[in-house]
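Me: I would like a close look at one part of this model. Please keep the answer brisk and connected.

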Amino acid sequence: MPHTTETATPLHRLALNETPYPPLPEVRKALADSVAEINRYPQFYADDLMAAIAAWRGVTVDSVMVGSGSVGVALQTLQAYIQEPGDQVLYAWRAFDAYPIIADMAGAERVEVPLTPDGEQDLPGMRAAVTDRTRVVILCNPHNPTGTVIGRRALDDFLTSLPPDVLVILDEAYTEFARDADDLPQGLDLLRAGHHVLSLRTFSKAYGLAGLRIGYGLAAPEVVKRVRAMSVPYSISELAHTAVVASIGAEADLDRRITEISTERARVQAGLRAQGWRVLESRANFVWLDEPERAASFHAACADRGVQVRLYPDEGIRLTIGTAGSNDLVLAAARQAAAG
(Lines give C-alpha, C1' and ligand atoms only; values in the text may rest on other atoms or scores of the structure.)
Protein backbone atom coordinates (compact mmCIF):
# COMPACT_ATOMS: atom_id res chain seq x y z
CA MET A 1 0.00 0.00 0.00
CA PRO A 2 1.61 3.30 -1.03
CA HIS A 3 2.48 5.73 1.73
CA THR A 4 0.54 9.00 1.63
CA THR A 5 1.23 12.16 3.57
CA GLU A 6 -1.63 14.43 4.50
CA THR A 7 -0.93 18.16 4.52
CA ALA A 8 -2.29 19.88 7.60
CA THR A 9 -4.52 22.87 7.03
CA PRO A 10 -2.62 26.05 7.95
CA LEU A 11 -3.92 27.64 11.13
CA HIS A 12 -4.94 31.30 10.93
CA ARG A 13 -4.96 32.74 14.44
CA LEU A 14 -7.52 35.55 14.49
CA ALA A 15 -8.89 35.10 18.00
CA LEU A 16 -6.45 36.91 20.32
CA ASN A 17 -5.94 40.31 18.66
CA GLU A 18 -2.32 39.58 17.87
CA THR A 19 -0.63 41.32 14.99
CA PRO A 20 -0.20 38.95 12.02
CA TYR A 21 3.34 40.23 11.49
CA PRO A 22 6.54 39.15 13.23
CA PRO A 23 8.56 41.71 15.19
CA LEU A 24 10.12 44.45 13.09
CA PRO A 25 13.54 43.65 11.57
CA GLU A 26 15.27 46.11 13.90
CA VAL A 27 13.69 44.36 16.87
CA ARG A 28 14.62 40.87 15.70
CA LYS A 29 18.24 41.92 15.27
CA ALA A 30 18.37 43.53 18.69
CA LEU A 31 16.89 40.42 20.28
CA ALA A 32 19.35 38.13 18.49
CA ASP A 33 22.23 40.25 19.73
CA SER A 34 20.92 40.01 23.32
CA VAL A 35 20.26 36.28 23.56
CA ALA A 36 23.79 35.51 24.76
CA GLU A 37 23.12 37.53 27.93
CA ILE A 38 19.98 35.74 29.17
CA ASN A 39 22.03 33.92 31.79
CA ARG A 40 22.08 37.27 33.62
CA TYR A 41 19.31 38.72 35.76
CA PRO A 42 17.54 41.82 34.46
CA GLN A 43 17.37 44.98 36.53
CA PHE A 44 15.54 44.64 39.83
CA TYR A 45 12.80 47.13 38.89
CA ALA A 46 13.53 47.93 35.20
CA ASP A 47 14.73 51.46 35.99
CA ASP A 48 16.50 51.94 32.64
CA LEU A 49 13.41 50.84 30.73
CA MET A 50 11.21 53.28 32.60
CA ALA A 51 13.70 56.05 31.86
CA ALA A 52 13.63 55.16 28.14
CA ILE A 53 9.81 55.21 28.07
CA ALA A 54 9.73 58.51 29.95
CA ALA A 55 12.06 60.14 27.43
CA TRP A 56 10.03 58.72 24.52
CA ARG A 57 6.65 59.88 25.89
CA GLY A 58 7.93 63.23 27.14
CA VAL A 59 7.23 62.73 30.85
CA THR A 60 9.33 62.49 33.99
CA VAL A 61 10.47 59.03 35.00
CA ASP A 62 8.42 59.21 38.20
CA SER A 63 5.31 59.23 35.98
CA VAL A 64 6.07 55.80 34.44
CA MET A 65 5.44 52.26 35.66
CA VAL A 66 6.00 48.97 33.82
CA GLY A 67 4.65 45.47 34.22
CA SER A 68 4.04 42.09 32.66
CA GLY A 69 1.85 43.33 29.84
CA SER A 70 -0.70 46.06 30.40
CA VAL A 71 -2.75 43.57 32.40
CA GLY A 72 0.17 43.25 34.82
CA VAL A 73 0.19 47.01 35.37
CA ALA A 74 -3.60 46.97 35.82
CA LEU A 75 -3.35 44.21 38.43
CA GLN A 76 -0.67 46.10 40.34
CA THR A 77 -2.92 49.17 40.28
CA LEU A 78 -5.91 47.32 41.69
CA GLN A 79 -3.74 45.74 44.37
CA ALA A 80 -2.58 49.21 45.35
CA TYR A 81 -6.07 50.75 45.48
CA ILE A 82 -8.24 47.93 46.83
CA GLN A 83 -7.62 48.09 50.56
CA GLU A 84 -10.79 47.06 52.39
CA PRO A 85 -13.52 44.43 51.95
CA GLY A 86 -16.25 45.93 49.78
CA ASP A 87 -13.94 48.22 47.81
CA GLN A 88 -15.28 48.29 44.26
CA VAL A 89 -13.89 48.17 40.73
CA LEU A 90 -16.33 49.36 38.08
CA TYR A 91 -16.20 48.68 34.33
CA ALA A 92 -18.49 48.08 31.37
CA TRP A 93 -19.43 44.54 30.39
CA ARG A 94 -18.79 42.87 28.10
CA ALA A 95 -15.13 43.87 28.13
CA PHE A 96 -11.61 42.45 28.21
CA ASP A 97 -11.82 39.04 29.88
CA ALA A 98 -8.99 39.86 32.29
CA TYR A 99 -10.89 42.63 34.09
CA PRO A 100 -12.99 40.33 36.30
CA ILE A 101 -9.98 38.06 36.86
CA ILE A 102 -7.70 40.81 38.16
CA ALA A 103 -10.54 42.36 40.16
CA ASP A 104 -11.00 39.04 41.94
CA MET A 105 -7.25 38.67 42.44
CA ALA A 106 -7.15 42.09 44.12
CA GLY A 107 -10.10 41.23 46.35
CA ALA A 108 -12.40 43.83 44.82
CA GLU A 109 -16.15 43.79 44.53
CA ARG A 110 -16.95 43.84 40.81
CA VAL A 111 -19.51 46.27 39.42
CA GLU A 112 -20.29 45.55 35.76
CA VAL A 113 -22.42 47.98 33.76
CA PRO A 114 -23.93 46.63 30.50
CA LEU A 115 -22.86 48.09 27.19
CA THR A 116 -25.34 50.13 25.19
CA PRO A 117 -27.18 48.38 22.31
CA ASP A 118 -24.60 49.96 19.98
CA GLY A 119 -21.70 48.27 21.77
CA GLU A 120 -20.52 51.40 23.55
CA GLN A 121 -19.56 51.90 27.17
CA ASP A 122 -22.55 53.47 28.92
CA LEU A 123 -20.94 56.46 30.64
CA PRO A 124 -24.16 57.77 32.24
CA GLY A 125 -24.91 54.27 33.51
CA MET A 126 -21.38 53.88 34.82
CA ARG A 127 -21.51 57.24 36.57
CA ALA A 128 -24.80 56.27 38.22
CA ALA A 129 -23.17 53.05 39.47
CA VAL A 130 -20.34 54.88 41.27
CA THR A 131 -20.67 54.69 45.06
CA ASP A 132 -18.62 55.80 48.04
CA ARG A 133 -16.96 52.37 47.82
CA THR A 134 -15.79 52.80 44.20
CA ARG A 135 -12.01 52.95 44.15
CA VAL A 136 -11.21 52.33 40.45
CA VAL A 137 -13.11 52.70 37.19
CA ILE A 138 -11.75 50.94 34.09
CA LEU A 139 -12.48 52.34 30.65
CA CYS A 140 -11.22 50.69 27.47
CA ASN A 141 -10.74 53.06 24.53
CA PRO A 142 -11.01 51.73 21.82
CA HIS A 143 -13.19 49.16 23.50
CA ASN A 144 -12.47 45.44 23.56
CA PRO A 145 -14.32 43.52 22.12
CA THR A 146 -16.52 45.95 20.16
CA GLY A 147 -13.91 48.41 18.82
CA THR A 148 -16.09 51.43 19.63
CA VAL A 149 -14.58 54.64 21.02
CA ILE A 150 -15.42 57.26 23.62
CA GLY A 151 -15.11 60.77 22.23
CA ARG A 152 -13.06 63.55 23.82
CA ARG A 153 -15.95 65.64 25.16
CA ALA A 154 -17.85 62.66 26.58
CA LEU A 155 -14.77 61.33 28.34
CA ASP A 156 -13.79 64.71 29.72
CA ASP A 157 -17.29 65.24 31.11
CA PHE A 158 -17.28 61.77 32.67
CA LEU A 159 -13.92 62.26 34.34
CA THR A 160 -14.92 65.67 35.66
CA SER A 161 -18.09 64.22 37.20
CA LEU A 162 -16.30 61.59 39.29
CA PRO A 163 -15.35 61.97 42.94
CA PRO A 164 -11.72 63.16 43.12
CA ASP A 165 -10.49 60.03 44.89
CA VAL A 166 -11.70 57.63 42.17
CA LEU A 167 -8.86 56.54 39.88
CA VAL A 168 -9.71 55.86 36.23
CA ILE A 169 -7.62 53.29 34.40
CA LEU A 170 -7.83 54.22 30.73
CA ASP A 171 -6.91 51.03 28.86
CA GLU A 172 -5.47 52.23 25.54
CA ALA A 173 -4.18 48.89 24.26
CA TYR A 174 -5.53 49.55 20.76
CA THR A 175 -5.07 53.28 20.42
CA GLU A 176 -2.36 52.99 17.75
CA PHE A 177 -4.98 51.57 15.39
CA ALA A 178 -7.35 54.50 15.94
CA ARG A 179 -5.35 57.18 14.15
CA ASP A 180 -8.28 57.77 11.81
CA ALA A 181 -10.55 58.61 14.77
CA ASP A 182 -10.54 62.41 14.90
CA ASP A 183 -12.22 62.61 18.30
CA LEU A 184 -10.19 60.00 20.20
CA PRO A 185 -8.79 61.45 23.45
CA GLN A 186 -5.28 60.50 24.56
CA GLY A 187 -4.63 59.44 28.11
CA LEU A 188 -1.46 61.49 28.35
CA ASP A 189 -3.37 64.64 27.38
CA LEU A 190 -5.99 63.90 30.02
CA LEU A 191 -3.27 63.36 32.58
CA ARG A 192 -1.64 66.67 31.71
CA ALA A 193 -5.04 68.35 32.03
CA GLY A 194 -5.14 67.24 35.66
CA HIS A 195 -7.54 64.31 35.48
CA HIS A 196 -7.07 61.44 37.95
CA VAL A 197 -6.24 58.86 35.28
CA LEU A 198 -3.73 56.15 34.60
CA SER A 199 -2.99 55.74 30.89
CA LEU A 200 -2.48 52.03 30.33
CA ARG A 201 -0.46 51.05 27.26
CA THR A 202 1.03 47.87 25.82
CA PHE A 203 3.65 46.64 23.39
CA SER A 204 1.64 43.46 22.73
CA LYS A 205 -0.62 44.73 19.95
CA ALA A 206 0.69 47.19 17.36
CA TYR A 207 4.32 46.55 18.32
CA GLY A 208 4.00 42.77 18.01
CA LEU A 209 5.67 41.86 21.31
CA ALA A 210 2.82 39.86 22.88
CA GLY A 211 5.11 36.95 23.71
CA LEU A 212 7.46 39.15 25.73
CA ARG A 213 4.72 40.49 28.04
CA ILE A 214 5.57 44.15 28.44
CA GLY A 215 3.21 47.03 29.20
CA TYR A 216 3.44 50.39 30.88
CA GLY A 217 1.36 53.01 32.60
CA LEU A 218 1.56 56.80 32.76
CA ALA A 219 0.12 58.60 35.75
CA ALA A 220 0.77 61.31 38.31
CA PRO A 221 3.87 60.62 40.43
CA GLU A 222 1.83 59.97 43.58
CA VAL A 223 -0.17 57.29 41.73
CA VAL A 224 2.95 55.75 40.22
CA LYS A 225 4.68 55.58 43.60
CA ARG A 226 1.71 53.74 45.06
CA VAL A 227 1.48 51.27 42.18
CA ARG A 228 5.21 50.64 41.89
CA ALA A 229 5.15 49.36 45.46
CA MET A 230 3.27 46.33 44.09
CA SER A 231 5.89 45.56 41.42
CA VAL A 232 7.44 42.10 41.33
CA PRO A 233 11.26 42.26 41.30
CA TYR A 234 12.97 41.00 38.14
CA SER A 235 9.59 40.76 36.37
CA ILE A 236 10.71 42.54 33.16
CA SER A 237 13.19 40.47 31.19
CA GLU A 238 16.21 41.99 29.51
CA LEU A 239 14.87 40.71 26.18
CA ALA A 240 11.67 42.68 26.73
CA HIS A 241 13.70 45.78 27.59
CA THR A 242 15.81 45.36 24.44
CA ALA A 243 12.76 44.82 22.23
CA VAL A 244 10.96 47.90 23.56
CA VAL A 245 13.94 50.19 23.03
CA ALA A 246 14.34 48.90 19.48
CA SER A 247 10.62 49.25 18.81
CA ILE A 248 10.34 52.86 19.86
CA GLY A 249 13.17 53.65 17.48
CA ALA A 250 11.38 52.09 14.51
CA GLU A 251 8.21 54.19 14.33
CA ALA A 252 8.27 54.60 10.53
CA ASP A 253 8.15 50.84 9.94
CA LEU A 254 5.49 50.51 12.61
CA ASP A 255 3.35 53.17 10.93
CA ARG A 256 3.38 51.21 7.67
CA ARG A 257 2.14 48.08 9.43
CA ILE A 258 -0.61 49.97 11.22
CA THR A 259 -1.72 51.44 7.89
CA GLU A 260 -1.86 47.96 6.35
CA ILE A 261 -3.98 46.61 9.19
CA SER A 262 -6.29 49.63 9.13
CA THR A 263 -6.76 49.25 5.37
CA GLU A 264 -7.59 45.56 5.78
CA ARG A 265 -9.97 46.37 8.63
CA ALA A 266 -11.93 48.69 6.35
CA ARG A 267 -12.00 46.04 3.60
CA VAL A 268 -13.22 43.31 5.96
CA GLN A 269 -15.89 45.54 7.50
CA ALA A 270 -17.19 46.53 4.08
CA GLY A 271 -17.12 42.95 2.81
CA LEU A 272 -19.03 41.58 5.80
CA ARG A 273 -21.62 44.35 5.65
CA ALA A 274 -22.14 43.72 1.96
CA GLN A 275 -23.02 40.12 2.87
CA GLY A 276 -25.61 41.31 5.37
CA TRP A 277 -23.68 40.95 8.63
CA ARG A 278 -24.11 43.58 11.34
CA VAL A 279 -20.59 44.85 12.02
CA LEU A 280 -19.88 47.71 14.41
CA GLU A 281 -17.52 50.48 13.34
CA SER A 282 -14.17 49.52 14.83
CA ARG A 283 -11.09 51.63 15.54
CA ALA A 284 -9.00 48.68 16.72
CA ASN A 285 -7.23 45.78 15.00
CA PHE A 286 -10.39 43.67 15.15
CA VAL A 287 -14.05 43.95 14.29
CA TRP A 288 -17.15 42.93 16.21
CA LEU A 289 -19.96 41.02 14.56
CA ASP A 290 -23.05 41.86 16.56
CA GLU A 291 -24.79 38.64 15.58
CA PRO A 292 -26.10 36.72 18.62
CA GLU A 293 -28.09 34.23 16.58
CA ARG A 294 -25.62 33.62 13.75
CA ALA A 295 -22.35 33.77 15.69
CA ALA A 296 -22.07 30.01 16.14
CA SER A 297 -22.49 29.28 12.43
CA PHE A 298 -19.92 31.95 11.54
CA HIS A 299 -17.48 30.44 14.03
CA ALA A 300 -18.01 26.95 12.60
CA ALA A 301 -17.56 28.10 9.00
CA CYS A 302 -14.27 29.78 9.93
CA ALA A 303 -13.06 26.68 11.76
CA ASP A 304 -13.73 24.61 8.65
CA ARG A 305 -11.15 26.78 6.87
CA GLY A 306 -8.59 26.64 9.64
CA VAL A 307 -9.41 30.10 10.96
CA GLN A 308 -9.66 30.74 14.69
CA VAL A 309 -12.01 33.57 15.67
CA ARG A 310 -13.31 34.48 19.10
CA LEU A 311 -16.86 33.28 19.72
CA TYR A 312 -18.92 34.85 22.49
CA PRO A 313 -21.87 32.42 22.57
CA ASP A 314 -25.22 34.11 22.00
CA GLU A 315 -23.49 37.50 21.74
CA GLY A 316 -21.24 37.82 18.73
CA ILE A 317 -17.82 37.31 17.16
CA ARG A 318 -14.61 39.23 17.71
CA LEU A 319 -12.52 38.89 14.58
CA THR A 320 -8.89 39.95 14.60
CA ILE A 321 -7.66 41.50 11.36
CA GLY A 322 -5.00 39.27 9.83
CA THR A 323 -3.13 39.15 6.57
CA ALA A 324 -5.01 39.69 3.33
CA GLY A 325 -5.02 35.92 2.72
CA SER A 326 -6.45 35.14 6.16
CA ASN A 327 -9.07 37.84 5.75
CA ASP A 328 -10.10 36.42 2.37
CA LEU A 329 -10.75 33.06 4.09
CA VAL A 330 -12.91 34.81 6.68
CA LEU A 331 -14.99 36.54 4.02
CA ALA A 332 -15.47 33.22 2.23
CA ALA A 333 -16.52 31.58 5.50
CA ALA A 334 -18.93 34.43 6.21
CA ARG A 335 -20.48 33.97 2.77
CA GLN A 336 -21.01 30.28 3.52
CA ALA A 337 -22.52 30.97 6.95
CA ALA A 338 -24.81 33.67 5.55
CA ALA A 339 -26.09 31.24 2.92
CA GLY A 340 -26.99 28.78 5.64
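Which residues lie nearest the centre of the second largest pocket, and how many residues line it? Please also set out the strands, helices and the other pocket.

Reply: This is a predicted model. Start with the pocket you asked about. The second largest pocket is lined by 13 residues. Nearest its centre lie Leu115, Thr116, Trp288, Asp290 and Glu315. The space inside comes to about 210 Å³. Sorted by class, its lining holds 6 nonpolar, 3 polar and 4 charged residues.

Now the open sheet. It is built from 4 strands in the order 1-10-11-9, with mixed pairing. Strand 1 (12–14) and strand 9 (286–289) are the edge strands; each has a single partner, so one side of each has no neighbour in the sheet. From one strand to the next, the twist averages 25 degrees. Strand 1 runs parallel to strand 10 (residues 307–312), and 3 bridges pair them. Within that pairing, His12 has Val307 of strand 10 as its bridge partner. Helix 11 (residues 295–304) packs on this sheet. Helix 11 touches strand 9, strand 10 and strand 11 (316–320), and its direction makes about 165 degrees with that of strand 10. Helix 12 (residues 324–339) lies across strand 1, strand 10 and strand 11. The angle between helix 12 and strand 1 is about 80 degrees.

Strand 10 also leads to the other pocket. Strand 10 and helix 3 (69–81) each supply at least two residues of the lining of the largest pocket. That pocket holds about 390 Å³ of space. Its lining counts 21 residues, and Leu16, Phe96, Asn144, Tyr174 and Lys205 lie nearest the centre. By class, the lining of the largest pocket divides into 9 nonpolar, 5 polar and 7 charged residues.

Next, strand 8 (residues 215–218) and its partners. Strand 2 (residues 64–67) runs antiparallel to strand 8, joined by 4 bridges. There, Val64 has Leu218 as its bridge partner. Strand 7 (residues 197–202) is also antiparallel to strand 8, again over 4 bridges. In that pairing, Leu200 stands opposite Gly217. Are the faces of strand 8 covered or open? Both are covered. Gly215 and Gly217 are buried on one side, and Tyr216 and Leu218 are buried on the other. So two of the bridge partners named above recur here: Gly217 faces Leu200, and Leu218 pairs with Val64.

Methods
Residues are numbered from 1 along each chain as its sequence is written. This is a predicted model: local features need pLDDT of at least 70, side-chain atom pairs count only at pLDDT 80 or more; totals for chains, interfaces and linings use all residues. Side-chain values use heavy atoms; hydrogens and water are left out. Two strands pair if DSSP finds at least two bridges between them. Axes are lines fitted to C-alpha atoms, for helices over the stretch in contact, and angles run from 0 to 180 degrees between N-to-C directions. Contact means heavy atoms within 4.5 Å. Buried means under 20% relative accessible area, exposed over 50%, partly exposed in between (1.4 Å probe, protein chains only). On a 1 Å grid over the protein atoms alone, a cavity is a set of points where a 1.4 Å probe fits but cannot get out, and a pocket is an open set with protein on both sides within 12 Å along at least five of seven lines; lining residues have an atom within 4 Å of a point. Grid points are joined across faces, edges and corners, and a volume is the space filled by probe spheres set on the points. Ala, Val, Leu, Ile, Met, Phe, Trp, Tyr, Cys and Pro count as nonpolar, Asp, Glu, Lys and Arg as charged, and the others, Gly among them, as polar.
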